[in-house]
Amino acid sequence: MSWLLASSLIVGLILFAGWFAYERTRPSARMVAVVATLAAVAALGRDAFVALPDVKPITAIAFVVGYSLGPLPGFTVGAIGMLASNIMLGQGPYTPWQMVAWGLVGLAGAALGALTHRRINRVPLALACALAALMAKEIMNIYTFTLAGAHTPAAFLAIAGTSLPFDITDVIATLLFALAFGPELARLLERTRERMTVSWEAVMPAILVLVLTVSLTSTSTARASSLSLSPELSYLTSAQNNDGGFGATSGQGSSELYTAWTAMAFAAAGRNPASVRRSGHSVLDSLRAQASTLQGLGDAERTILAVRACGASAYSFAGRNLVAEVLSSRESDDSFDHLVNLTAFAIFALRAVGHSASFGAIHQGAGWLERQQNSDGGFSFGDRGSPSDVDDTGAALQALADAGAHNRGVLGAAAGYLVRSQNLDGGFPQQYGGESNSQSTAWAIQGLIAAGYNPGTVRRRGSRTPIGFLESLGAPNGSIRYSRTGAQTPVWVTAQALIALAGRTFPVG
């Protein structure tokens, strides 16, 4: 009965840990759906390799989910993935032990993500996954040990020795799986995390809500004509940390991502970001301090835009030539990393440092962008054939305009895709038919401006304009909400919305 007692205790701990973590983080409904899907994928991945004992992708999946999304998603995917996969493989007293072991794999990934700020390369990530696999297998050896007749060190070593070939196989398989898809899955989940992180606020009394609603409606109507940007600027200024940088929301630690976007927002509104200080440290000081965390083409492109918005040089920034880093990522087909998003931002960055539209990397990069347009007129994050979305269509439009708009037909078709994507509330979804959000609406506004449209006149019959939609999401503290139902990453959302409300396209400065 010892295994029954131990298993019951483990199940209880799982439920308590899950409840406690949920109460602490309270994820959005969309994030819950994403984690549930990932758990299903992990389970199916384990079942798919049933013919190959101990060759399973579930360890790498759970570890990368924790690395990218945090402890609760990581633990959930590992634990539920094992539980669900055992529906086909067979349940038993070992199931709770597997749930704990692979839940801990997800927690280990979350710890690594927190310690490294999610800035490690493919090989170190794969090695960490392999170590997590070894940890999980040793936990299962402990389970087997609880069933043994003799509970002595010699008995445990005998069990571990017997399972060693299988453990080695699992570790090597996990290493190979992580090498194959680890960084790619991490990047995908990073975008998901940034989009779906929700900050929860206390509910106000109904009368106060009514008063604020009337007040905000009047304010929004007045501002729609004047477009005063003071509330957004005040909010961003108040959110600055003592190191000069910005986090996802007021009070969170500084990150290059949010600091860079806020720098561009200040510049778009006509304020020099280098002059925005807290405790003697400016936005530019924070960007320099965070330069060591930059990894990959996207980080370099974004930082160039922020550095130029501050009036500093990107050719020699914190000991790095960011422009050379971007140019070195140019592919033989004239794209940057074969992605629409990164090619568009490369054009923004190169224009920001003074290159003309005829510069080879810009001119030819724009030609590659044109060839990636889908039949519906839109662009995707990747290359032609992937589903179009509003964000990347808005970015591609701006990049093509920056490069001299080689083909006006391409611009017209892309603008048409944006116009058709507008919802009845005046806002834009990330993808056609989805819920409107502020960031996608900001990209749409900028894309429409680049294509020669006046976003103040673009509306569905009886709806708001996209500018009116952004204004309607203004919160009492001056921030812009992500959507009607979410208020995640308010610094980032407000910064992006502010650039669009200022009527600016990339690069700004």
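**Helices, cores and ring pairs in a predicted model**

The protein chain folds into 20 helices and four strands. The model is a predicted one, and what follows was computed from its atoms. Of the 509 residues in the chain, 52% are buried. The accessible surface adds up to about 21500 Å², and carbon and sulfur atoms account for 63% of that area. Then there is the matter of who touches whom: taking contacts between residues at least 6 apart in sequence, 70% join residues that are at least 24 apart.

Now for the inside of the protein. The largest nonpolar core has 94 residues, and the members that touch the most others are Trp261, Ile304, Leu418 and Ile499. Helix α14, which covers residues 340–352, supplies the largest share of this core, with 10 residues. There is also a second core, separate from that one, with 36 residues; among them are Val34, Val77, Ala132 and Ile139. Leu418 is worth a stop along the way. With neighbours within four places in sequence set aside, Leu418 is in contact with Val390, Thr393, Gly394 and Leu397, and also with Phe428, Ala444, Gly447 and Leu448.

Aromatic rings come next, and the structure holds 13 aromatic pairs. Take Trp97 and Tyr143: their ring centres are 5.7 Å apart and their planes meet at 50 degrees, so this pair counts as tilted. It ties together distant parts of the chain, since Trp97 belongs to helix α5 (residues 95–116) and Tyr143 to helix α6 (residues 122–147), 46 residues apart. Buried means under 20% relative accessible area, so Trp97, at 11%, counts as buried. Tyr143 is buried too, with a relative accessibility of 8%.

Trp443 and Phe506 make another tilted pair, with 5.5 Å from centre to centre and 45 degrees between the planes. This pair also links distant parts of the chain: Trp443 sits in helix α18 (residues 438–450), while Phe506 is in the segment after α20, 63 residues apart. Both Trp443 and Phe506 are buried. The two rings also belong to a cluster, in which ring pairs link Trp443 and Phe506 with Trp261, Phe345 and Phe348. Trp261 has come up before, as one of the residues touching the most other members of the largest nonpolar core.

Two single residues round out the picture. Thr494 is part of helix α20, which runs over residues 490–501. Its relative accessibility is 0%, so Thr494 counts as buried. A polar atom of the Thr494 side chain lies 2.6 Å from the backbone oxygen of Pro490. Thr494 also has partners from elsewhere in the sequence: beyond its neighbours within four places, Thr494 is in contact with Glu232, Tyr235 and Leu236, along with Gly478, Ser479 and Ile480. Leu236 is 258 residues away from Thr494 along the chain, yet their C-alpha atoms are separated by 7.7 Å.

Asn407 is the other residue, and this one sits in a loop, between α16 (390–402) and α17 (408–421). Asn407 has a relative accessible area of 36%, so it counts as partly exposed. From Asn407 to Gly367, the C-alpha to C-alpha distance is 9.2 Å, with the two residues 40 apart in sequence.

Technical notes: Residues are numbered from 1 along each chain as its sequence is written. This is a predicted model: local features need pLDDT of at least 70, side-chain atom pairs count only at pLDDT 80 or more; totals for chains, interfaces and linings use all residues. Side-chain values use heavy atoms; hydrogens and water are left out. Helices (H or I, at least four residues) and strands (E, at least two) are DSSP runs, numbered from the N terminus. Buried means under 20% relative accessible area, exposed over 50%, partly exposed in between (1.4 Å probe, protein chains only). Contact means heavy atoms within 4.5 Å. Accessible areas come from the Shrake-Rupley method with a 1.4 Å probe; for residues, only the protein chains shown count as cover. A polar contact is a pair of N or O atoms within 3.5 Å; within protein, one must be able to donate a hydrogen and the other to accept it, and residues adjacent in sequence count only if both atoms are side-chain atoms. A nonpolar core is a set of buried Ala, Val, Leu, Ile, Met, Phe, Trp, Tyr and Cys residues joined through side-chain atoms within 4.5 Å. Rings of Phe, Tyr and Trp (its six-membered ring) pair if their centres lie within 6.5 Å; planes under 30 degrees apart count as stacked, over 60 as edge-to-face and the rest as tilted.
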